[in-house]
2 protein chains.
Amino acid sequence: MSRQAPLSSEIEILQSQSLTSLVQRELERRITAGELAPGDKLNEIELASELNVSRGPVREAFRALEQAGLLRTEKNRGVFVRSVSLQEADEIYALRAVLDEYVGRQLAQRITPEALRELRAMIEALGAASAARDLDDYARLNFAFHDRMVELAGNGKLLETYRRLVKELTLYRREALSAAPTAMPASTREHRDIVSAIASRDPELAGRLMREHVERGRARLHAAVQGQAGADTAAPADTPAGSA
Amino acid sequence: MSRQAPLSSEIEILQSQSLTSLVQRELERRITAGELAPGDKLNEIELASELNVSRGPVREAFRALEQAGLLRTEKNRGVFVRSVSLQEADEIYALRAVLDEYVGRQLAQRITPEALRELRAMIEALGAASAARDLDDYARLNFAFHDRMVELAGNGKLLETYRRLVKELTLYRREALSAAPTAMPASTREHRDIVSAIASRDPELAGRLMREHVERGRARLHAAVQGQAGADTAAPADTPAGSA
DNA sequence: GCGTCTTGGTTTGTTGACAATATACAAACC
DNA sequence: GGTTTGTATATTGTCAACAAACCAAGACGC
C-alpha cells in the first residue's frame, strides 16, 4: 500500500523468484552466517512452517544446496549441514592458491585505472578495520577484496568456481581462526604488496604474491590446528592419491 | 529371484538411492551422452511417466542439475538443457589450463611407479585408437586419460571442480570438433611428452606441457569456430571484466 | 541386571490434486 | 489484412495426504 517501488521490478521479482529459490537463498544465508552450524539437522516440516511454505519447495532447495556442497543427505534420516574436514579445507586452500595465482597474473595484465582505484580504496578500509581491531569488519572486507579481485580477472567460470570453494570453506569448523587478530597487520601488508605488483604490471610477481598470500592462510590453519589438537597427525600438503 | 548379487550391496543400494538421485543420474547420462541436446525442453509429466515416478522426484532432480550447471529454469516456462556459449567454453578452457598445469606439476612430484605404468597403458590404448582412426574410442580414452591424471594429483576438490567443468564443456554445441581427426596424432604425441616429463620428475616441464596441451585444444576450438562462422567477432583470450 | 523385541510416534519419501501462469488458436475490431 | 482480445489447453508451482522408514521407550525373557 505504502511502498513506492518501481512496478516493473516487482513484476520482475514475481516472475523470476520461485519459493524454492527463496528458501534456497535463506538457507544459504543462515549457513554462511553461521546461524546453522556444520552437523545441524534440518527438519523439513519445521522449516516449511517457519517460512510459510509447504515441504515441496523446501525439499527442492535441499537438493540444490546438496549439489552446491552445503548440505548432506542421508536417505530416510534427514539432511544435515555439511562439515568440512581439515583435509578438505586443505585441498580447498591448495586450489585457491592455484586460482589466485592466476588471478594475480591476469590482473597485472588487464587492470584498469578505475579498478586499481577501487582496490586501493578497499585496502584503505581494510587498514582502518585492522587498526580498529574490528575482526568482523576485517573479515567481511577481506572477503570482499578477494572476491572483487577474482571478479576483475574477467573469467566468469573462475569467479563461480572460486565462490563455490570459499563458501565451502566457511563450513570448516575452526574457520574463525583464519581471521586471527595477530594475522591482520601482516595480511594488510600483503594486500598492499599485491596491489602494488598489479599496478606495476608485473604478472609474475603479482601471481607469486597472491599464491603466497593464500598459502600463508593455509599455514595459519595448520598451525592453529596443531596448536589446538596437539600431536594430531595433521594432513600433509596434499591429500593421498585417489583410487576411485 | 534369479540374481545372485551380494545381499549387502542390494541393501546398500536401497538405502542410499532415492528416486531423485536415480532420475538425476539418468538425466545426467542423457545430457552428457548427447541424447538431450542444449536447448531441449524437459517436460515434467512426460519424464515422470517415462521413468515411472511422480513429478516430485523429477523436480528435485531438476534443482540439483540446475545447480550443477546442466539445466536452466525459466519460471512458469519450464526447464531446458543449458547451452554453453563460445565465451563460456573459452573461460572453461582457460580454467582447465590453470588446473591442468597444477596437475602436471603435482604428478611430476608424487607419481608412483604403478600409476606411471597405468598412464602409459592408457597412452598405448590412445595410440591404437588413433591409428585405427576410431574417433569415439579416442574421445572416450582421451577423457579417461585426463580424468585419471587429475585424480592422481590427489586433491579431491580439484577432481570435483575439474569434472564439473568438463561436464559443462560437453554442452558446448560444437564440442565434437575438439576431437577432430587431424588432431589425433598431434595430441597423442603431446600425451607421450607429458608422461615422459612426469616420469623424469620435472614439475616445471610437466606443468608447462599440460598447460600448452589444453591451450592447443582451446586454439583448435577458436580456429574451428572462425572457420565455420567466418568473420565473426571471436572472443579474445579472456572474457570482459565482470561488473556485477 | 542385561539384552532383545515390540510398539507408538516422528520424520522422510512419494504421490496425487489444486491453483496459477503461459502458450496457442480463434474471433472480433480497426 | 493485420492487430488485438478472449478463450481453451497445457504445463508449471504449490500444497496436502498417504506410505514407508527410522528412533526411542517400555515390556518381556534370560
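This is a short tour of a predicted model, with something to select at each stop.

**Stop 1: chain A by confidence**

Colour chain A by pLDDT. The average over the chain is 85, and 82% of its residues score at least 70. Which elements of chain A have the lowest and the highest mean pLDDT? The lowest belongs to α1(A), at 60, and the highest to α8(A), at 96.

Now pick residues 1-5 of chain A: pLDDT stays under 50 here, and the model gives this stretch one contact beyond four places in sequence. Then jump to residues 230-244 of chain A, where pLDDT is also below 50. This second stretch has 23 contacts in the model beyond near neighbours in sequence. Don't linger over fine detail at spots like these: where pLDDT is low, the predicted coordinates should not be read in detail.

**Stop 2: the two copies**

Show chains A and B together. Turn chain A by 180°, with 0.0 Å of shift along the rotation axis, and chain A lands on chain B with an RMSD of 0.1 Å. The two copies are therefore related as by a two-fold rotation axis. Both copies use the same surface, too: 100% of the contact residues of chain A turn up again in chain B.

**Stop 3: where A meets B**

How many residues of each chain are in contact with the other? Select them and you'll have 36 from chain A and 36 from chain B. On the chain A side, α1 (7-16), α4, α5 (86-110), α7 (135-152) and α8 (156-169) each bring at least two residues. Of these, α5(A) gives the most, with nine residues. Colour that side of chain A by residue class and you get 14 nonpolar, twelve polar and ten charged residues.

**Stop 4: the α4 pair**

Zoom in on α4(A) and α4(B). Their axes come within 8 Å and cross at roughly 30°, and the crossing is right-handed. To see what makes the contact, select Arg59, Glu60, Arg63, Ala64, Glu66 and Gln67 in chain A, plus B:Arg59, B:Glu60, B:Arg63, B:Ala64, B:Glu66 and B:Gln67. By class, this contact has two nonpolar, two polar and eight charged residues.

**Stop 5: DNA strand C**

Next, bring up DNA strand C. Of the 18 residues around it, the nearest are A:Glu44, B:Leu19, B:Ser54, B:Gly56 and B:Asn76. The elements that each supply at least two residues of this surface are α3 (44-51) and α4 (55-67) of chain A, with α2 (19-32) and α4 (55-67) of chain B. The class split here is four nonpolar, nine polar and five charged.

**Stop 6: DNA strand D**

Finish on DNA strand D, which has 19 residues around it. Which come nearest? They are A:Leu19, A:Ser54, A:Gly56, A:Asn76 and B:Glu44. For this surface, α2 (19-32) and α4 of chain A and α3 (44-51) and α4 of chain B each provide at least two residues. Sorted by class, the residues are four nonpolar, ten polar and five charged.

Terms used:
Residues numbered from 1 in each chain as written. Chains lettered and ligands numbered in written order. Predicted model: local features only at pLDDT ≥ 70, side-chain atom pairs only at ≥ 80, totals over all residues. Near = placed C-beta within 6 Å. Helix = DSSP H or I, 4+ residues; strand = E, 2+ residues; numbered from the N terminus. Nonpolar A, V, L, I, M, F, W, Y, C, P; charged D, E, K, R; others polar. Contact = placed C-beta atoms within 7 Å. pLDDT = per-residue confidence, 0-100. Least-squares fit on C-alpha atoms with pLDDT ≥ 70 in both. Axes fitted to C-alpha atoms, helices over the stretch in contact; angles between N-to-C directions. Left-handed = near helix turned anticlockwise from the far one by under 90°.
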